[in-house]
Structure formats: structure tokens, C-alpha cells
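Please find below my notes on this model, set out as numbered points. They deal with the cysteines, then with the nonpolar residues inside and at the surface.

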Amino acid sequence: MAKKTNKSYFDRVHSWGRISTVTALCALLMFPIAICLYLGVFPPIEGVLKGLLKLIPTYWTVAVVEVLVYTPMLGAGGTYLSFVTGNIVNLKLPCAISAMENAKVKATSEEGDVISTIAIATSAIVTTAVLAVGVIAFAPFLDTFTKSPLLMPAFKQVIPALFGALGAGYFVKHWKISFAPILFMLLILVFVPTIGASTLIFAGIIASVLFAFVMYKV
């Protein structure tokens, strides 16, 4: 008879997390592969490799750093689910942190991991539903809104307004550790205004960790 093993909660989370992540990657990759097979057109390997070499220094580095930064805040289950559904910084992370703060639990505990996963799953479902309703409801008026001289300037400021509103609460709450990294990134933008967003985020993460470490030691 096969020996029964009682897996812990986190063992099961990591097992199903790996399965769901690999499944999601396969599903995402199968769509372009299916189109290539259907049309009989494939990109040249040289072009793909050249494109990857340009992305590796920035996006791959940021991807590794994001896992190290977000995992302690999201928990195991929340991390797997967030990286599959996306939109972590401005949606999944605030939802998870708010839910755990209200429940007074930590992401490293089983209770916190469950709360974080439920919050992230709920936000993903609600976001999908709201986007679907919004697309269907506003599709007939989209050209009118986006081409209106009165509203066009507002559409150009959607992303800055979104990140500003989400970040303001954290900056005010933790202003001592936010001031130095924000000033550092502003200086980068002043001297290198064409810097990419991913590179700036990576620099901001490093600066935040270093400044927080210095403040902790001092």
C-alpha cells in the first residue's frame, strides 16, 4: 500500500501554485502559437533572440526583484494568484494589504495567506466584471469621449492620476521612509527624463531598501 503523506497548508499551496502557473503560461503561449500554426507564419529565431536580449536586462531583472519584494507582503497563495492575474501594484497588493490589516493577520501566517488569496481572487473577479460591463456600456460612446477636445487632456492623465491616488495614502502613512526614495526618483527624472518606467521602478525599489536600511541602523 502506498504510504499516505499529510502535506501542510503551504505545501499544498506551492503544489497547486506551480501547477496553476505552468498551466497559465501554457495557455498564454498557445494563443500566438495557434495563430502561427493556422497562418503558417513563424517569426525568425534571430529576431526573437534579439528582442529577448533587449528585454532581459530590464524586465527579467524587475521580474525577479518583484517576486522577492511582493512575496512577503502577499503570502504564498496571493503571490501565485497575483502573478497570474497581473496588475499587482495598483490593485492586488492594496486589496491584500487592506484585507490583512482589517483581519489583523500577517501574510506569513496561514490565516493571513488565506485572507490575502481570497482578497486577490475577489479583486480579480470584480475587476473582470467591471471591465466587461464598462466595455459593453461605453463602446458606443468611446469615439465621442476620446475625441472630445474637452476630455482628451483627461485621458492622457489617467495613469498618473491612478498611481498618484493609490500612492498618496501610503506616502502620507509612511512619509519618513517615502520621502528619500521619491526625491531620488524625481532627481533621476530631472536628469534622465527618457528613462523607462521599469528601470525607474527597479531603481526606486533599490533606493527604498537602502534608505530604509540606513534609517533602521541610524
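1. The sulfur of C26 has its closest cysteine sulfur in C36, at 16 Å, which is too far for a bond. A disulfide is counted when two cysteine sulfur atoms lie within 2.5 Å, and this predicted model holds 0 disulfides.

2. As for the surroundings of the cysteines, C26 counts as partly exposed because its relative accessibility is 43%, and C95 likewise counts as partly exposed, with a relative accessibility of 27%.

3. Turning to the interior, the largest nonpolar core is made up of 9 residues, namely Y70, L74, I88, L93, A96, I97, M100, A107 and I120. Two elements, α2 (45-85) and α3 (88-103), give two or more residues to this core, and α3 gives the most, with 5 residues.

4. I120, a member of that core, is in contact with L74, G78, L81, S82, K92 and A96 when its neighbours within four places in sequence are left aside. Among these partners, L74 and A96 also belong to the core.

5. On the surface, a nonpolar patch is formed by V89, F138, F141, F145, L150, L151, F155, V158, I159, L162 and F163, which together have about 1000 Å² of accessible area. Helix α7 (residues 158-173) gives the most to this patch, with 4 residues. In soluble globular proteins, nonpolar side chains tend to be buried together.

6. Within the patch, F141 may be worth inspecting in the display: F141 lies in the loop between α4 (110-138) and α5 (142-146), and F141 counts as partly exposed because its relative accessibility is 44%, where over 50% would be needed for exposed.

Key. Residues numbered from 1 in each chain as written. Predicted model: local features only at pLDDT ≥ 70, side-chain atom pairs only at ≥ 80, totals over all residues. Heavy atoms only, no water. Core = buried A, V, L, I, M, F, W, Y, C linked by side-chain atoms within 4.5 Å. Buried < 20%, exposed > 50% of the residue type's maximum accessible area, 1.4 Å probe, protein only. Contact = heavy atoms within 4.5 Å. Patch = residues over 30% accessible without salt bridge, like charges linked within 9 Å, V, L, I, M, F, W, Y side chains within 5 Å. Areas by Shrake-Rupley, 256 points an atom, 1.4 Å probe, with all protein chains shown as cover. Salt bridge = Lys/Arg side-chain N within 4 Å of Asp/Glu carboxyl O.
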